[in-house]
Amino acid sequence: MNVTVQGIGAVGGFGCGAENLALAPGAPGALAIPWGEGTREIPAFLAATDPLERFVPRRALRRVDHFSRMALLGAYLALEDAGRTPEGLALVVASGYGPTATTFSLIDSMIQDGDPCTSPIHFAASLHNTPAAHIGILMGITGPCLTLSGFEGMVPSALMAARLLLQEGRAERVLVGAVDEFSELMAYLWARSGPGPVAGEGAAFLLLSAREEDGPGCCTLEEAGAAAGPWPWGAQPGAPAFALAAAAARLRSSRR
């Protein structure tokens with residue numbers, strides 16, 4: 001079965017969109033975290049999700065945290081890039097750490113206010129499958145919806161799941177991607193563990209199809225995998241998804 005990449009959507013420290021993903025990255029930004037009596041700036045490639053309001057009204061995002069916003073923006077950009085609607089679509093989302101900022105805000109509320117007063121909003125947003133729920137609801141996706149959590153193997157596992165969904169005819173196309181955030185806690189752990197690769201956050205999505213009538217798209221999934229190189233967008237579990245998306249963007253540009 002020939003699986004083609006029909007659309008690319010990504011947001012991260014480089015900006016957002018396939019065109020920016022294919023460019024050489026600039027200097028990392030910095031995340032200021034509490035440190036002793038003051039603050040400390042931790043270098044990181046951080047994502048801005050302001051362009052999401054082009055797809056979703058601001059009022060619909062008021063209870064959506066940064067983690068899910070990154071996933072939403074990556075998913076919408078991939079669908080827009082392909083010029084497709086959500087009809088016949090399945091969704092596969094992968095994450096290494098999940099929504100760490102919201103998860104630890106939930107734990108803070110449990111410690112400070114006790115179990116009876118734990119924030120229900122933080123609880124709902126702390127689940128790893130919350131981004132997939134937001135994407136499914138806001139886009140109106142009615143096909144299969146799957147969330148995978150892990151580290152080194154999660155992106156290949158997500159791609160394998162997407163391929164199986166297409167092979168078994170469970171969806172006409174599959175939106176598959178990875179998302180991770182660099183929260184204050186992650187920055188603290190990064191600083192305590194000593195110097196290492198500059199961390200990053202963001203989301204990278206691909207719209208995949210095996211339908212001949214959809215045409216060749218950007219490239220095949222195998223071609224993107226063979227052309228994927230090192231990922232200079234910051235260390236994160238979902239980095240292979242960025243490498244794949246960047247390779248697909250470069251192949252498309254070279255064939256135009």
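The following exercises, with worked solutions, concern aromatic pairs and two residues of strand S7 in a predicted model.

**Exercise 1.** Determine how the rings of Trp35 and Tyr188 are arranged, and which parts of the chain they tie together.

Solution. The structure contains four aromatic pairs. One of them is formed by Trp35 and Tyr188, whose ring centres are 5.6 Å apart and whose planes make an angle of 50 degrees. Planes under 30 degrees apart would count as stacked and those over 60 as edge-to-face, so an angle between these limits is classed as tilted. The pair is accordingly tilted. Next, locate the partners: Trp35 belongs to strand S3 (residues 29–35) and Tyr188 to helix H7 (residues 184–192), and the pair therefore ties together parts 153 residues apart in sequence. Finally, consider accessibility: Trp35 is partly exposed at 28%, and Tyr188 is partly exposed at 33%.

**Exercise 2.** Classify the pair formed by Phe55 and Tyr76, and state whether each residue is buried or partly exposed.

Solution. The ring centres of Phe55 and Tyr76 lie 5.1 Å apart, with 15 degrees between the planes, and the pair is stacked. Phe55 is found in the loop between strand S4 (38–45) and helix H2 (66–82), while Tyr76 is in helix H2, so the pair links parts separated by 21 residues in sequence. For the accessibility step, the cut-off for a buried residue is under 20% relative accessible area. Phe55, at 22%, is partly exposed, whereas Tyr76, at 12%, is buried.

**Exercise 3.** Identify the ring over which the charged end of Arg40 sits.

Solution. The ring is that of Trp35, and the charged end of Arg40 is 4.7 Å from its centre. Trp35 thus has two partners to record: Tyr188 in the tilted pair and Arg40 over its ring.

**Exercise 4.** Describe the surroundings of Arg173 and Ala178 in strand S7.

Solution. Begin with Arg173, which lies in strand S7 and is buried at 7% relative accessibility. Its side chain makes a polar contact of 2.9 Å with the side chain of Asp214. Beyond neighbours within four places in sequence, the residues in contact with Arg173 include Arg84, Glu87, Leu166, Leu207 and Arg211.

Turn then to Ala178, which is placed in strand S7 (residues 173–180) and is buried at 1% relative accessibility. With neighbours within four places in sequence again left aside, its contacts include Ala94, Met154, Val155, Phe205 and Ala241. As a last step, compare sequence and space: Ala178 and Leu148 are 30 residues apart in sequence, and their C-alpha atoms are 9.1 Å apart.

Conventions: Residues are numbered from 1 along each chain as its sequence is written. This is a predicted model: local features need pLDDT of at least 70, side-chain atom pairs count only at pLDDT 80 or more; totals for chains, interfaces and linings use all residues. Side-chain values use heavy atoms; hydrogens and water are left out. Rings of Phe, Tyr and Trp (its six-membered ring) pair if their centres lie within 6.5 Å; planes under 30 degrees apart count as stacked, over 60 as edge-to-face and the rest as tilted. Helices (H or I, at least four residues) and strands (E, at least two) are DSSP runs, numbered from the N terminus. Buried means under 20% relative accessible area, exposed over 50%, partly exposed in between (1.4 Å probe, protein chains only). A charge sits over a ring if NZ of Lys or CZ of Arg is within 6 Å of the ring centre and within 35 degrees of the ring normal. Contact means heavy atoms within 4.5 Å. A polar contact is a pair of N or O atoms within 3.5 Å; within protein, one must be able to donate a hydrogen and the other to accept it, and residues adjacent in sequence count only if both atoms are side-chain atoms.
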